[in-house]
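User: Please give me a close look at the salt bridges, with each partner's burial, and then whatever context you can add. Keep it informal.

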Amino acid sequence: MLVGEKSEFICDTSLGYGEIGNLPEVPPNSNLRFVVEVLSQEVVRKSISDMISQSETLKEEGNKSFSLQDFSSAISSYTAALDSISDTWGAEIYESLHIQKLKVAVNSNLAAVYLKTDQLKEAIVSCENALFLEPDNLKVLLRLAKAKSGLGEADVAVDVLKRALKANPSDAELIEKEIARVSKLKILKIAEEKQMYSRMFS
């Protein structure tokens with residue numbers, strides 16, 4: 001029902017005052033007539049702290065499912081965790097910072113699940129959502145590069161890794177190893193394609 005709308009309900013005497021009635025207002029054996037009007041509507045909204053708490057609980061459930069390799073449940077939990085903090089207008093500054101870190105962590109974890117299940121396009125979306133909030137996050141950049149590489153976009157993957165290297169120079173050894181791995185995969189793929197074409201036209 002909307003504000004201003006009215007509805008009428010008739011209650012049988014057997015469900016009302018019955019044979020006794022409620023004199024003088026209600027005679028015995030009378031049906032009851034109720035008219036309900038909506039005067040106002042108010043959406044009951046959880047507090048920001050409750051939203052954050054619920055999101056963190058769902059995130060931990062997702063982590064547990066991930067560790068058990070129950071990837072479907074992990075995706076459901078992580079998605080619900082993000083939904084829990086999708087509408088947080090009115091949050092205090094410290095709450096907004098907490099929510100931002102939580103969104104980055106959950107999107108990163110969601111990307112990890114998608115990588116495990118070969119849902120590479122979905123992994124890229126989750127990575128991009130996290131990087132929108134934290135552009136230099138090393139873990140997310142590595143996952144984005146892995147997804148791009150898996151889709152055959154080796155050059156893009158290397159660019160992502162170079163971006164990671166620039167933002168995280170202290171992790172140069174790890175990132176350079178990943179660049180070498182992606183570059184090697186690209187070379188192998190080119191060699192395989194050349195061999196395939198040579199067979200086709202030989």
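Analyst: A word on burial before the pairs: buried is under 20% relative accessible area, exposed is over 50%, and partly exposed is in between (1.4 Å probe, protein chains only). This is a predicted model, where local features need pLDDT of at least 70 and side-chain atom pairs pLDDT 80 or more, while totals for chains, interfaces and linings use all residues. Numbering starts from 1 along each chain as its sequence is written, and side-chain values use heavy atoms, leaving out hydrogens and water.

Now the pairs. The count is six salt bridges (side-chain nitrogen of Lys or Arg within 4 Å of a carboxyl oxygen of Asp or Glu). Let's go through E8–R33, K148–E153 and K177–E173, which are among them.

Start with E8 and R33, whose side chains meet at 3.0 Å, N to O. E8 belongs to strand β1 (residues 6-11) and R33 to strand β2, so this bridge ties together parts that lie 25 residues apart in sequence (strands are DSSP E runs of at least two residues, helices H or I runs of at least four, numbered from the N terminus). The two partners fall into separate burial classes: E8 is partly exposed because its relative accessible area is 47%, while R33 makes it to exposed because its value is 56%. Strand β2 covers residues 32-37 and also holds V36. V36 is partly exposed because its relative accessibility is 37%.

Next up, K148 and E153. Their closest N and O atoms sit 3.6 Å apart. Here the lysine is the covered partner: K148 counts as buried because its relative accessibility is 15%. E153, on the other hand, is partly exposed, because its relative accessible area is 30%.

Then there's K177 with E173, at 3.8 Å from N to O. You'll find both in helix α7 (residues 172-200), with their positions four residues apart, or about one turn of the helix. So E8–R33 joins two strands, whereas K177–E173 stays inside one helix. Both ends are out in the open: K177 is exposed because its relative accessibility is 54%, and E173 is exposed because its value is 57%.

What about cysteines? There are zero disulfides (cysteine sulfur atoms within 2.5 Å). C11 is buried because its relative accessible area is 18%, and C127 is buried because its relative accessibility is 0%.

For more context, try helix α1 (residues 48-67), where Q54 sits. Q54 is partly exposed because its relative accessibility is 31%. Once you set aside neighbours within four places in sequence, Q54 is in contact with K46 and S84 (heavy atoms within 4.5 Å). By comparison, A154 is a long way off: Q54 and A154 are 100 residues apart in sequence, with 38 Å between their C-alpha atoms.

S65 is in helix α1 too, but on the covered side of the cut-off: S65 is buried because its relative accessible area is 12%. With residues up to four places away in sequence left out, S65 touches D70, S73 and A74.
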